[in-house]
Amino acid sequence: MSIQIPRGTQDILPGEVEKWQYVEEVAKSLCHNYQYKEIRTPIFEASELFTRGVGDTTDIVQKEMYMFEDQGGRSLALRPEGTASVVRSFVGNKMFGYPNQPTKLFYSGPMFRYERPQAGRYRQFVQFGVEALGSEDPAIDAEVISLAMGIYKELGLTQLKLVINSLGDADSRNAHREALINHFKPSIDEFCGDCQNRLEKNPLRILDCKKDRDHELMGTAPSILDYLNDESKNYFEKVQTHLSDMDVEFVVDPTLVRGLDYYNHTAFEIMSEAEGFGAITTLCGGGRYNGLVQMIGGPETPGIGFAFSIERLLSALEAEGIELPIEHGVECFIVSLGKEAKDYSVKLLHTLRAAGISSEKDYLDRKVKGQFKAADRYDAKYVAVIGDNELQENKINLKNMSTGEQEEISLDHFVEKMKNKLGK
Ligand code: ATP
Ligand code: MG
């Protein structure tokens with residue numbers, strides 16, 4: 001019996017993988033413009049990092065984490081998200097002492113969550129995310145949001161909705177928390193078991209519940225915006241002003257919450273409004289977390305970041321019918337006839353590749369016709385034909401496959417000419 005791929009995972013095959021590389025490249029290059037530097041952290045961490053850093057009342061930690069014990073008896077977890085690891089590294093490497101502050105980082109890599117697989121929801125998925133640590137300037141919030149939007153726009157997405165909210169500072173949150181408890185408590189029996197647990201521990205998460213989202217008390221729940229103190233209000237207004245100045249469109253949605261204790265002030269999500277995108281419309285989630293660094297054992301440091309998955313980004317591109325400008329073709333395919341020409345083609349191929357030209361030849365002893373067919377399948381820009389006769393005369397025949405033009409070129413100048421033609 002053949003062995004199946006694990007549920008909720010996927011192979012990304014040639015033909016598809018180029019899209020991944022393309023979008024990752026766009027995201028990385030925009031991060032460079034914004035001066036976010038790449039960080040790579042391990043795929044597994046001490047389980048405690050996530051129970052502390054993500055929070056043991058969250059679905060991620062309670063239900064979705066892949067945990068295991070290693071031979072040394074340590075409890076480890078496959079990382080379900082990137083922020084906790086970045087913060088662990090920031091603290092462990094004392095990045096807060098680096099001369100350039102705030103510390104602006106991005107990451108890209110697989111995350112693991114034991115979820116019910118469905119469209120847009122995998123057990124292994126790739127998240128691209130950024131974190132800016134060490135500044136509490138609302139301009140950084142606006143920068144992080146505009147970077148996320150910038151990546152999507154650069155890729156051609158237009159049917160996007162940016163939703164922002166403020167969770168306020170600790171005082172505002174506490175006042176709101178009390179109001180939420182008072183609001184839900186009398187009828188908490190009508191809610192799911194998870195929500196009943198959340199009531200005292202983290203009532204904000206009730207607003208995020210997928211099971212109870214239609215309960216009438218959800219719509220009438222006290223809005224955080226009514227509980228923001230002046231400082232928090234000013235902060236939120238400043239973020240909005242910066243976004244408007246940058247022509248980043250947004251809507252304020254007071255029901256948008258991030259349920260973790262350490263989240264405060266800005267929270268945001270980017271949704272796809274493309275028809276046919278499916279039930280899960282959130283592409284990207286982010287927000288400010290001013291307590292997390294301390295929770296992980298570092299000095300009090302404000303932070304903000306976002307994360308999105310490449311899987312959902314690619315679905316959004318597909319839903320909007322966007323074709324990425326990916327070059328599939330090989331630049332030069334060598335067709336050879338005759339024994340000596342065949343041997344010579346091995347050497348010539350090597351020279352072309354060394355000159356930075358993507359090139360290919362036949363390795364299956366195909367007849368000339370078969371070699372031309374192969375060149376077509378490789379979508380070759382140029383086909384270089386060399387036979388024993390040409391070899392003796394020190395020349396090669398080059399065919400431009402898009403114009404059909406043919407010319408004879410001296411072998412001495414062939415590589416140079418190819419470079420010119422290809423603009424290299
Ligand atoms: P959801 O409500 O969809 O479960 P979440 O709150 O768990 O999202 P976050 O932890 O904020 O998501 O992760 C940020 C982003 O990572 C999401 O907006 C989404 O793009 C992506 N993401 C999260 N879980 C998955 C998954 N299982 N498969 C693919 N992408 C995911
Ligand atoms: Mg989730």
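Begin with the open sheet of eight strands, whose order is E1-E5-E6-E11-E10-E9-E7-E8 and whose pairing is mixed. At its edges stand strand E1 (37-38) and strand E8 (251-252), each with a single partner strand, so one side of each has no neighbour in the sheet. Helices (H or I, at least four residues) and strands (E, at least two) are DSSP runs, numbered from the N terminus, and two strands pair if DSSP finds at least two bridges between them.

This is a predicted model, in which local features need pLDDT of at least 70 and side-chain atom pairs count only at pLDDT 80 or more, while totals for chains, interfaces and linings use all residues. Residues are numbered from 1 along each chain as its sequence is written, chains are lettered from A and ligands numbered from 1 in the order in which they are written, and side-chain values use heavy atoms, with hydrogens and water left out.

**Stop 1: from the edge inward**

Select E1 and strand E5 (103-112) together. E1 and E5 pair in the parallel sense over two bridges, and Lys37 stands opposite Leu105 in E5. Eight of the ten residues of E5 are buried, so the strand is mostly covered; buried means under 20% relative accessible area, exposed over 50%, and partly exposed in between (1.4 Å probe, protein chains only).

Next, add strand E6 (124-133) to the selection. E5 and E6 run antiparallel and are joined by ten bridges. Three pairs can be picked out here: Leu105 stands opposite Glu131 in E6, Lys104 stands opposite Ala132 in E6, and Met111 has Phe125 in E6 as its bridge partner. In a regular strand the side chains alternate between the two faces of the sheet.

**Stop 2: strand E6 and its other partner**

Keep E6 selected and add strand E11 (303-309). Seven bridges join E6 to E11, and the two run antiparallel. Ala132 stands opposite Ile304 in E11. How much of E6 is buried? Nine of its ten residues are, so E6 is largely enclosed by the rest of the structure.

**Stop 3: ligand 1**

Select ligand 1 and the residues near it (a residue is near a molecule or strand if one of its heavy atoms lies within 4 Å of it). Ligand 1 is surrounded by 18 residues, of which the closest are Glu115, Arg121, Tyr122, Leu283 and Ser309. This shell divides into seven nonpolar, five polar and six charged residues. In that division Ala, Val, Leu, Ile, Met, Phe, Trp, Tyr, Cys and Pro count as nonpolar, Asp, Glu, Lys and Arg as charged, and the others, Gly among them, as polar.

Which atoms lie 2.7 Å, 3.0 Å and 2.8 Å from an oxygen atom of ligand 1? A polar side-chain atom of Arg121 lies at 2.7 Å, a polar side-chain atom of Lys210 at 3.0 Å, and a backbone N or O atom of Leu283 at 2.8 Å. Taken alone, ligand 1 exposes 590 Å², and the protein buries 85% of that; accessible areas come from the Shrake-Rupley method with a 1.4 Å probe, and for residues only the protein chains shown count as cover.

Colour the shell by element: E6, E10 and E11 each give two or more residues to it. Strand E10 gives the most, with four residues.

**Stop 4: helix H4 and the loop after it**

Now select helix H4 (residues 83-92), which is mostly covered, with eight of its ten residues buried. The buried residues are Thr83, Ala84, Ser85, Val86, Val87, Ser89, Phe90 and Val91. Their cover includes strand E2 (44-46), helix H2 (47-55), E5, E6, strand E10 (282-289) and helix H10 (292-295), where contact means heavy atoms within 4.5 Å.

H4 is followed by Lys94, whose phi is positive, near 50 degrees. Continue along the loop between H4 and E5, where Pro102 lies. A cis peptide bond joins Gln101 and Pro102, with omega about -5 degrees.

**Stop 5: two loop residues**

Select Asp247 in the loop between helix H9 (230-245) and E8. Asp247 is not a glycine, yet its phi is positive, about 60 degrees. Is Asp247 buried or exposed? Asp247 is exposed, with a relative accessible area of 65%.

End at Asn394, found in the loop between helix H14 (388-392) and strand E15 (395-400). Its phi is near 60 degrees, a positive value in a residue other than glycine. Asn394 is partly exposed, with a relative accessible area of 31%.

Definitions and conventions:
A polar contact is a pair of N or O atoms within 3.5 Å; within protein, one must be able to donate a hydrogen and the other to accept it, and residues adjacent in sequence count only if both atoms are side-chain atoms.
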